[in-house]
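Visitor: I am new to this structure. Please show it to me, and explain the terms as we go.

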Amino acid sequence: MADIARKQIVLGVTGGIAAYKAAEVTRELLRHGIDVQVVMTEAARGLVTPATFQALSGKPVFTDMWDPRVPDNMGHIELSRGKDAIIVAPASADFIAKLANGLADDLLSTLCLARECPLIVAPAMNRQMWDNPATRRNIERLLRDGVAILGPASGDQACGEFGMGRMLEAQAIAPAITTFFAPKLLRGVRVLITAGPTFEPIDTVRGITNRSSGKMGYAIARAALDAGAKVTLISGPVSLAAPAGAETTRVETTAQMFEAVKRNASRADIYIGVAAVADYRVDNPRRHKIKKTDRNQLSLRLVPNPDILAWMAARPRPPLCVGFAAESRNVDAHADEKRRRKKVHLMVANLAQEAIGADDNEVTLLDNRGKHRLERAPKDVVARQLIAHIAKLYGSRTKRKP
Ligand code: C5P
């Protein structure tokens with residue numbers, strides 16, 4: 001299955017010191033599965049070379065209205081035709097003024113004026129330029145014209161001053177663009193997600209856990225938010241920032257995760273169990289640190305934990321239940337066996353040794369209609385494809401209900 005739709009954008013780079021950050025923006029957009037065509041202003045070329053962007057995007061970079069590489073000299077029209085958006089990052093104060101007034105005296109400004117697609121602008125300038133009433137007026141005018149403005153942020157500036165006007169970091173711009181594009185497939189749907197490992201104490205300082213970074217679960221939470229869902233995330237101990245917009249509860253043990261799931265169960269339309277739940281916990285963990293002695297062998301008695309996913313799927317009117325199965329071999333067969341045994345609607349199978357902690361993943365979706373393999377891709381991309389598949393299952397399920 002391909003990505004929901006590979007979006008294509010023009011990235012306009014104008015002449016601000018932050019032009020060097022546009023290289024990182026290019027990389028991040030590509031990493032999010034977005035196709036990038038870079039167009040630079042003459043001033044931007046004085047700060048960063050087109051070769052940098054050409055190497056990163058794999059496409060020639062355009063600046064000139066009369067570039068002979070555009071066959072009919074209609075670059076100002078051709079380059080944005082069929083594109084899903086034009087993103088100007090960084091957008092200098094001067095370029096913003098041009099946009100606000102409909103000026104078109106170079107390729108990028110002409111592309112913006114002749115566009116049929118949305119325009120997204122990430123301003124970058126000195127704080128006094130940003131605060132100037134002329135810039136404020138121009139920004140207001142752009143907002144009234146339906147242009148989306150991303151940022152700026154506050155912080156250290158290239159001029160040595162501190163204040164508002166820094167361009168947002170690439171790591172903030174790319175997800176904002178993804179959100180902008182995401183079809184609202186789960187608008188208003190309540191999605192409950194578990195993510196990360198659980199940790200079972202042995203004593204006050206030691207414990208047993210599963211290897212899990214939480215990256216897949218957090219990516220799914222973000223993709224569900226982007227699709228318009230109301231997301232509750234119950235997370236084991238991970239070092240990731242809570243996704244903006246999700247109601248996040250942090251837990252440690254499986255028992256705590258189970259309690260948090262139970263509290264939210266009746267309010268969930270969809271349940272996605274991504275957490276690598278510890279199947280066993282230590283019976284009676286010690287209240288004090290166990291002292292090391294040279295001769296003693298130490299035995300731990302392990303007792304089984306509740307299966308949260310199976311519990312959820314066995315509820316009288318269960319939400320649409322999605323499980324994850326990380327297996328080290330015979331992945332699909334084991335995962336399908338789990339899907340039937342736990343009576344879940346969809347099981348996502350992946351190879352444990354390749355998925356854990358990695359930034360990308362390759363999964364197979366198993367449901368009662370069969371198998372769908374998603375090709376290896378960054379976890380954010382896999383998450384969006386998974387959410388699209390879940391939305392389809394959820395749609396046909398709600399249609400069947402009276
Ligand atoms: O551990 P197992 O491979 O059976 O995990 C498959 C699925 O079941 C995963 O989605 C996991 O989050 C869930 N699970 C659970 N509670 C457990 C064990 C697993 O919710 N105690």
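Guide: One term to begin with: a residue counts as partly exposed when its relative accessible area falls between the buried range, under 20%, and the exposed range, over 50%. The model here is predicted.

Visitor: Why is glutamate 78 called partly exposed?

Guide: Glutamate 78 has a relative accessible area of 40%. Buried needs under 20% and exposed needs over 50%, so the term is partly exposed. Glutamate 78 sits in helix H4, residues 75-78. Between glutamate 78 and proline 201 there are 62 Å in space, C-alpha to C-alpha, and a separation of 123 residues in sequence.

Visitor: What makes leucine 300 partly exposed?

Guide: The relative accessible area of leucine 300 is 39%, so the term partly exposed applies. Leucine 300 belongs to the loop between strand S14 (280-282) and strand S15 (302-304).

Visitor: Which residues form a nonpolar patch on the surface with Leu300?

Guide: Tyr280, Leu298 and Leu302 do, and together with Leu300 they have about 390 Å² of accessible area. A patch residue needs over 30% relative accessible area. Leucine 300, at 39%, therefore meets that cut-off.

Visitor: What makes the backbone contacts of the ligand polar contacts?

Guide: The cut-off is a pair of N or O atoms within 3.5 Å. A backbone N or O atom of glycine 273 is 2.5 Å from a ligand oxygen atom, and one of phenylalanine 324 is 2.7 Å from a ligand oxygen atom. For isoleucine 308, the partner is a ligand nitrogen atom at 3.1 Å. The ligand taken alone exposes 440 Å², of which the protein buries 89%.

How values were computed: Residues numbered from 1 in each chain as written. Predicted model: local features only at pLDDT ≥ 70, side-chain atom pairs only at ≥ 80, totals over all residues. Heavy atoms only, no water. Patch = residues over 30% accessible without salt bridge, like charges linked within 9 Å, V, L, I, M, F, W, Y side chains within 5 Å. Areas by Shrake-Rupley, 256 points an atom, 1.4 Å probe, with all protein chains shown as cover. Salt bridge = Lys/Arg side-chain N within 4 Å of Asp/Glu carboxyl O. Helix = DSSP H or I, 4+ residues; strand = E, 2+ residues; numbered from the N terminus. Buried < 20%, exposed > 50% of the residue type's maximum accessible area, 1.4 Å probe, protein only. Polar contact = N/O pair within 3.5 Å; in protein donor to acceptor, adjacent residues only side chain to side chain.
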